[in-house]
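I sat down with this one to see how some of its helices sit against each other. Here are my notes, in the order I looked things up.

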Amino acid sequence: MNKYKTLAFNTIIFAIGNFGSKILSLLLNHMYTGGMGGALFNTKEILELCANFLIPVVSFSITDAIIRYGLDENYDNHSVFSNAVTILLCGVGGFLLLSPLLLLYTDIKPYVYLLVGFVIISCFRQVSTQFARARGKVKLFAADGVFCTLMLFLFNVLFIKVLDMGVEGFMLATMCSDLCSGLGVWLIAKHGEYFSFKYLDKELLVVMVRFSIPLIPTALLWLITGFSDRLFIRYMLEDGPTAAGVYGAASKAPNLINMVSTIFFQAWNMSAIAENNSKERSAFYTEVYSAYQAVLSMAAACIIALVRPISWVLINSSNHPEFKTAYLYTPVLVIAVLLMCFNQFMSSIYTVSKHTRNSFWTSLVAAVLNIFLNAVLIPKYGVQGAIAATVVSYLVCYVVRVVDARRFISFDINHVRFASNLLVLFGMCGVVILRPEHTELLLAVGILTSFVMNSKALYRTAEKLLKR
C-alpha cells in the first residue's frame, strides 16, 4: 500500500469512528442553548475554555510526545508510555496543590471542584487514547470516539434534561464519559503491560520533556487568542455576558470545518512521521496540503451558504431569543477556523522536525496581535470586531508559518488559489450578512466557483490514490 493509500485508509477509519460522534457533539449544542440562557451558556463556555487552558499545563502536553516518539521505531514504547504516565502523575500532583488558586476567579468559583476533576480525567483519557493510536490501534481509537460521544450524549440527557443540573450537568457528563473512555481503552489495549517504573528511561524522558515544553505555551496562546475575544466582549460591551454567550453559540457551526480537519490530522500525523526520512517527502507534503486546502475551502463555502439552516439545527433559540442572531456572526468565523486549520498543518511540520519552539513563537505573534486588535475593534464594532481581530491574527500567523515552517520541510503552495478562495469566501460572507437580492443565487455561484477552483487539486490526488 503506497503512502497516499495508507493516509486515505487511516483517514477513512478515523472518519467512520469520529464523524458520527463529532456531529452528535455539535447537536448537543442544541440541548445546551435550550437549557441555558446567554449568560449561563457563557459560564459553560468559560469553564470549558479554562479546562482546555489547564489540560496542556497539567499534562505538560505530553500527548504530543507520545505520538511523535511512540510512532518512531527508534524508541521503545514501554519507555515512551512509562515516561509519559510519570510526567502526567507529577503534573496532576502539582495541579492538586495549586488548585485552590482557581477560587480567585469569581466566575468559576462555584464550579472549581468539578473543574479540577474535569481536567484530571481529561488528561488521563488523552494519554490512554493517544498511546493506543501511537501503537497503531487506529480501529480501537476510532471506536472509542463513537463510544465516548454516545456516553457523553446519554450522560447529558441524564444530568441536563432529566435532572436539570445546567452547567454542573455538563461538567459531570463530560467527566463520566471521559472516564469510561479512558478506562475502556486502557483495559482493551492492555496499556498496563507497558507501564512500569522499571521502564523509565531518563535520557528519553528529558528528550520528551524538551519536545513537549514549548507546546504548552503554544496551546495556551491559541486558547488565549480564542478566549480573549469572549473576555473583551464580556467586559467591554454593555450586554457583555449575553453577547459573549451568543458569540460562543455562533462558533459552533464553524467547528464543522475543524471536525473535518481533526479527522484528517489523526491520520496525517502518523503518515508525516512515517515519511519523515523519505526522499519523496516534499512532493508528498505538496500533494497532501493542496488536497487538504481544497477540501476545507469547499467545505467552508458550503457551510457559509447553509449557515442559517445549520444554525437552526445547532442553536435552540425557542427559550432564549438572543440566540436568533447568532448566525450573523458565523460566516466570518468559518474563515477564521479555516485559517486555524491551515496553521495546524504548518504546526505538524514543527512536530515532525522537532522544532516545537518555532510553533511557540509563531503562535505568540497571533496571540499578541489578537489581543491588540480586540482592544481596538470591539469598542467600535462589537462582536464583529472580535471576529475580525481573530481572522486577521490567524492570517498573519499563517503567512509567518508558511515562510518559517518550509525552511525545515520544503514543499510548494499555490498562493494564488489560497487568495482566490479567501476572496470567494469573504464575498459569500457579505451576501449572508447583508442579504441582497438573489441571495440564494449568489451563494450557489460562490459554491460553484469554489468547486471549480479546487477540483484540479482533488483530481490530482485521486490519481495518486488509484495508482498502483
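**Entry 1: α5 and α7.** How do α5 and α7 run, roughly parallel to each other or oblique? Before answering, I reminded myself that this is a predicted model. I looked up the axes of α5 and helix α7 (residues 166-188), and they come within 8 Å and cross at roughly 30 degrees. Angles under 35 degrees count as roughly parallel, so α5 and α7 are roughly parallel to each other. I also noted the hand: α5 passes α7 in a left-handed crossing. Sorting the residues of this contact by class gave me 14 nonpolar, seven polar and three charged.

**Entry 2: α3 and α5.** Next I turned to helix α3 (residues 62-70) and helix α5 (residues 112-134). I found them packed at an angle of about 15 degrees, with axes 9 Å apart. α3 and α5 are therefore roughly parallel to each other. Here I wrote down a right-handed crossing for α3 passing α5. On the α3 side I listed Ile62, Thr63, Ile66, Ile67 and Gly70, which meet Gln126, Val127, Gln130, Phe131, Arg133 and Ala134 of α5. By class, I have six nonpolar, four polar and one charged residues in the contact of α3 with α5.

**Entry 3: α3 and α8.** I stayed with α3 and checked its packing with helix α8 (residues 202-212). The angle is about 120 degrees and the axes lie 9 Å apart. That makes α3 oblique to α8. Their crossing is right-handed. From α3, the contact uses Ile62, Asp64, Ala65, Arg68 and Tyr69; from α8, it uses Leu204, Val207, Met208, Phe211 and Ser212. My class count for α3 with α8 reads seven nonpolar, one polar and two charged residues. Ile62 caught my eye, as it is listed in the contact with α5 and again in the one with α8.

**Entry 4: the length of α6.** Does the span of helix α6 (residues 138-162) agree or disagree with its residue count? At 1.5 Å a residue, its 25 residues should span 36 Å, and I found the end C-alpha atoms 35 Å apart, which agrees. Just beyond, I noted that α6 is followed by Asp164, whose phi is positive, near 50 degrees.

**Entry 5: confidence.** Last, I looked up how far the predictor trusts its own model. The protein averages a pLDDT of 81, and 84% of the residues score at least 70. Among its elements, helix α1 (residues 3-35) has the lowest mean pLDDT, 64, and helix α17 (residues 415-434) the highest, 92.

Definitions and conventions. Residues are numbered from 1 along each chain as its sequence is written. This is a predicted model: local features need pLDDT of at least 70, side-chain atom pairs count only at pLDDT 80 or more; totals for chains, interfaces and linings use all residues. Side-chain values use heavy atoms; hydrogens and water are left out. pLDDT is the predictor's confidence in each residue, from 0 to 100. Helices (H or I, at least four residues) and strands (E, at least two) are DSSP runs, numbered from the N terminus. The expected span of a helix is 1.5 Å times one less than its number of residues. Axes are lines fitted to C-alpha atoms, for helices over the stretch in contact, and angles run from 0 to 180 degrees between N-to-C directions. Angles under 35 degrees count as roughly parallel, over 145 as roughly antiparallel, 65 to 115 as roughly perpendicular and the rest as oblique. A crossing is left-handed if the near helix is turned anticlockwise from the far one by less than a right angle, and right-handed if clockwise. Contact means heavy atoms within 4.5 Å. Ala, Val, Leu, Ile, Met, Phe, Trp, Tyr, Cys and Pro count as nonpolar, Asp, Glu, Lys and Arg as charged, and the others, Gly among them, as polar.
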